[in-house]
Amino acid sequence: MARPALLVVSRFLLDRRDEWDDHYDLLGPDEIAGGELAKSADRVQVIVSAGEPLDRALVDALPNLKLVACFSTGYAGIDLAHLRERGIALTSAAGVNAHDVADHAIALCLAWWHGLRRAELNVRARKWKEGLTPRPSLRGKRAGIVGLGRIGREIARRAEALGLIVSWWGPREKPQAAYPRAASLVALARDSDILFVAARAVAAGAGQIDSAVLAALGPDGVLVNVSRGFLIDEPALLHALEARIIAGAALDVFAREPPAPHTWERFENVVLSPHIAGYTREAGVAMFGQLRENIRRHFAGEPLLSPVEDAL
């Protein structure tokens with residue numbers, strides 16, 4: 001009997017071939033490009049992805065496909081509705097590194113609020129406190145969180161420990177939430193000094209942080225994004241930063257990664273990091289472990305560990 005075949009569309013994951021279980025045959029981008037996939041198409045029940053866009057035609061070329069297993073938490077490039085039409089499940093790394101991402105969100109917030117970028121440059125240039133002004137205390141300020149999922153809840157706990165007053169907004173009620181839900185995203189921004197974006201990275205949320213939300217956040221407000229760049233209307237954000245419609249931003253993710261040259265260089269009111277919020281040694285091990293466990297459960301006929309639900 002032929003062994004199950006996995007189609008690993010990410011070279012990053014295929015390069016970790018030694019870590020895969022021996023009882024799977026692994027196919028990859030070379031088989032796709034060389035037209036050899038057709039010979040094994042009937043054996044492929046699982047596509048393994050790092051979260052990159054997935055070609056609809058590729059999905060349709062695999063008649064027995066039952067699972068798309070994502071290494072990442074994000075899956076915006078995967079057409080979930082198309083998978084549902086075919087009865088194909090989708091899993092992700094949801095929950096594996098929520099605490100790491102939340103830590104980084106708070107680190108970005110503190111770096112911006114305490115002016116660490118400018119302060120470090122002063123010390124290195126032997127200017128000491130030259131040009132620095134007293135900052136407002138963080139305690140008692142209002143933190144709004146867009147999306148109170150696993151990451152949002154972890155951010156909320158950390159923000160509360162810093163003395164921030166926490167509220168949130170998301171498209172669905174959460175009766176068990178420990179924090180008040182704003183009437184709308186604009187209302188949340190209006191009532192926040194710091195707006196954390198931790199919403200699920202799904203296509204329906206694209207551009208939800210728009211000019212109206214930024215205007216509501218206001219000239220003393222700070223935007224922190226550790227979800228995905230496409231959730232923010234980036235031209236609107238660039239305008240808001242330049243026109244001082246908001247005070248500043250602390251960003252780990254961008255609409256284009258890496259960003260286009262010179263996009264952010266002119267702004268002194270931003271703190272930036274290169275999409276590393278969940279990039280820890282422990283998270284990498286756990287994400288790969290969860291990916292393999294979802295695949296094992298599929299072939300064992302067991303409930304999947306982290307299935308993606310349809311609801312936002």
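I started at F12, which is partly exposed, with a relative accessible area of 44%. I noted the cut-offs: buried is under 20%, exposed is over 50%, and partly exposed is in between, for a 1.4 Å probe and protein chains only. The model is predicted: local features need pLDDT of at least 70, side-chain atom pairs need pLDDT 80 or more, and totals for chains, interfaces and linings use all residues. Residues are numbered from 1 along each chain, and side-chain values use heavy atoms, without hydrogens or water.

**Aromatic pairs**

I looked up the rings next. Rings of Phe, Tyr and Trp (its six-membered ring) pair if their centres lie within 6.5 Å; planes under 30 degrees apart are stacked, over 60 edge-to-face, the rest tilted. The count comes to five aromatic pairs. F12 and F71 form an edge-to-face pair, 5.4 Å centre to centre, with 70 degrees between the planes. F12 lies in helix α1 (residues 11-14) and F71 in the loop between β4 (67-70) and α5, so the pair ties together parts 59 residues apart in sequence. Helices (H or I, at least four residues) and strands (E, at least two) are DSSP runs, numbered from the N terminus. Is F71 buried or exposed? F71 is buried, with a relative accessible area of 9%. I also found F254, W264 and F267 linked into a cluster by ring pairs.

**Sheet**

I then traced the strands. Two strands pair if DSSP finds at least two bridges between them. An open sheet of five strands runs in the order β2-β1-β3-β4-β5, with parallel pairing. Its edge strands are β2 (25-27) and β5 (89-91), each pairing on one side only. From one strand to the next, the twist averages 20 degrees. Angles are taken between N-to-C directions, from 0 to 180 degrees, with axes as lines fitted to C-alpha atoms (for helices, over the stretch in contact). Inside this part I checked β3 (residues 44-49), which pairs with β4 in the parallel sense over four bridges. I47 has V68 in β4 as its bridge partner.

Further along, strand β8 (residues 194-197) runs parallel to β9, joined by four bridges. L195 stands opposite L223 in β9. Both faces of β9 (residues 222-225) are covered: V222 and V224 on one side, and L223 and N225 on the other, are all buried.

**Cavities**

How many cavities of 30 Å³ or more does a search of the whole structure find? The search finds two. A cavity is a set of points on a 1 Å grid, over the protein atoms alone, where a 1.4 Å probe fits but cannot get out; lining residues have an atom within 4 Å of a point. A volume is the space filled by probe spheres set on the points, which are joined across faces, edges and corners.

The largest holds about 40 Å³. Its lining includes N225, F254 and W264. By class I noted six nonpolar, two polar and one charged residues. Ala, Val, Leu, Ile, Met, Phe, Trp, Tyr, Cys and Pro count as nonpolar, Asp, Glu, Lys and Arg as charged, and the others, Gly among them, as polar.

The second largest has about 30 Å³. L54, R56, V59, I78, D79, H82 and L83 line it. Helices α4 (56-60) and α5 (80-86) each supply at least two of these residues. The lining divides into four nonpolar, one polar and two charged.

I finished at D79, in the loop between β4 and α5. D79 is partly exposed, with a relative accessible area of 37%. D79 and D55 are 24 residues apart in sequence and 8.8 Å apart in space, C-alpha to C-alpha.

Technical notes:
On a 1 Å grid over the protein atoms alone, a cavity is a set of points where a 1.4 Å probe fits but cannot get out, and a pocket is an open set with protein on both sides within 12 Å along at least five of seven lines; lining residues have an atom within 4 Å of a point.
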